[in-house]
Amino acid sequence: MIFELSNPVTKTLVTHLRDQRRDAIRFRHTIAEIAKQLVYEALKEFPLIEKEITPWQGEGKFSGIDEDNIVVVTVLRAGMPMLDSVMELLPEAHAGFLAMKRDETTHESVLYYDRLPDCKGKNILLVDPMVATGGSIRDAIELLKSREPLKIITLNIIGSPEGLKAVSSAYPEVDIYIAQIDEKLNSDKYIIPGLGDAGDRSYNTLE
Ligand code: PRP
Ligand code: URA
């Protein structure tokens, strides 16, 4: 299922991202803020467990999400600010890394490095701001599925209708939380209106 956020604050932040005047630090900061909003929405019905902690007095069990059962997987580079932000909300979750680069001629994603913790039976939060053709996220899901997770949820910021459809028809069991579904892809497979290249905007590598 695809869930598009409707909160006006989210939409405002997406508009800030589209503005070319945003420098890299503000761009990453805004990506991080939207990532938090995606987590709140995606986990709003997540079960709570009893956690044994050391409170300021006495002894106690208090409720919280089972963070140990969550793996946050980021797609480099553009997913990095999302990973940091999600891990701030869920500090006891585990992190995994997939380094992928879209070939600018074929537009197909190429995996050049992966470092995943044990995903078996875990809830995966897969973070990548852009779903253009959907190729990167599909390749990421395929790899993750081979690690036998309990569930995969993707957190994305902007997607094209065609890319999202490709992901949801290939993996109907995956829930996709996204801040904004845009109009279309252009002939270079960039999202229109989109925000340009999220990795370049984040790390000042625009040529
Ligand atoms: C971007 C983005 C996605 C991918 C989306 O990464 O972060 O991973 O493109 O495109 P797709 O849906 O058509 O696969 P990119 O390959 O530009 O790498 P970068 O983050 O290092 O810039
Ligand atoms: N990757 C991006 O960062 N932006 C797009 O519009 C497409 C792929």
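These legends walk through several close-up views of a predicted model with two bound ligands. Residues are numbered from 1 along each chain as its sequence is written, while chains are lettered from A and ligands numbered from 1 in the order in which they are written. Because the model is predicted, local features need pLDDT of at least 70, side-chain atom pairs count only at pLDDT 80 or more, and totals for chains, interfaces and linings use all residues; side-chain values use heavy atoms, with hydrogens and water left out.

**View 1. The whole chain.** The chain holds six helices and twelve strands (DSSP runs numbered from the N terminus: H or I of at least four residues for helices, E of at least two for strands). Its C-alpha trace spans about 60 × 35 × 30 Å along the principal axes. The radius of gyration is 17 Å, which agrees with the value near 17 Å for a compact globule of 207 residues (taken over C-alpha atoms; the globule rule is 2.2 Å times the number of residues to the power 0.38).

**View 2. The shell around ligand 1.** Seventeen residues surround ligand 1, and Arg 102, Asp 128, Thr 133, Gly 134 and Ser 136 come nearest (a residue is near a molecule if one of its heavy atoms lies within 4 Å of it). Strand 4 (70-76), strand 5 (94-102), strand 8 (130-131) and helix 4 (135-145) each supply at least two shell residues, and strand 5 gives the most, with three. By class, the shell has seven nonpolar, five polar and five charged residues (Ala, Val, Leu, Ile, Met, Phe, Trp, Tyr, Cys and Pro count as nonpolar, Asp, Glu, Lys and Arg as charged, and the others, Gly among them, as polar).

**View 3. Polar contacts of ligand 1.** Here, look for pairs of N or O atoms within 3.5 Å. Oxygen atoms of ligand 1 are met by a backbone N or O atom of Arg 102 at 2.7 Å, by a polar side-chain atom of Asp 128 at 2.5 Å and by a polar side-chain atom of Ser 136 at 2.5 Å. Taken alone, ligand 1 exposes 500 Å², and the protein buries 96% of that (Shrake-Rupley areas with a 1.4 Å probe).

**View 4. Ligand 2 and its neighbours.** Around ligand 2 stand Arg 102, Met 130, Ala 132, Lys 189, Tyr 190, Ile 191, Gly 196, Asp 197 and Ala 198. This shell divides into five nonpolar, one polar and three charged residues. A polar backbone atom of Ile 191 is 2.8 Å from an oxygen atom of ligand 2, a polar backbone atom of Gly 196 is 2.8 Å from a nitrogen atom of the ligand, and a backbone N or O atom of Ala 198 lies 2.8 Å from an oxygen atom. On its own ligand 2 exposes 240 Å², of which the protein buries 89%.

**View 5. Backbone spots worth a second look.** Most residues other than glycine have a negative phi, and most peptide bonds are trans. The peptide bond from Leu 76 to Arg 77 is cis, with omega near -10°; Arg 77 is found in the loop between strand 4 and helix 3 (80-89). Also cis is the bond from Ile 192 to Pro 193, with omega near 0°, and Pro 193 is in the loop between strand 12 (191-192) and helix 6 (198-203). His 107 has a positive phi, near 65°, and is found in the loop between strand 5 and strand 6 (109-115).

Technical notes: Polar contact = N/O pair within 3.5 Å; in protein donor to acceptor, adjacent residues only side chain to side chain.
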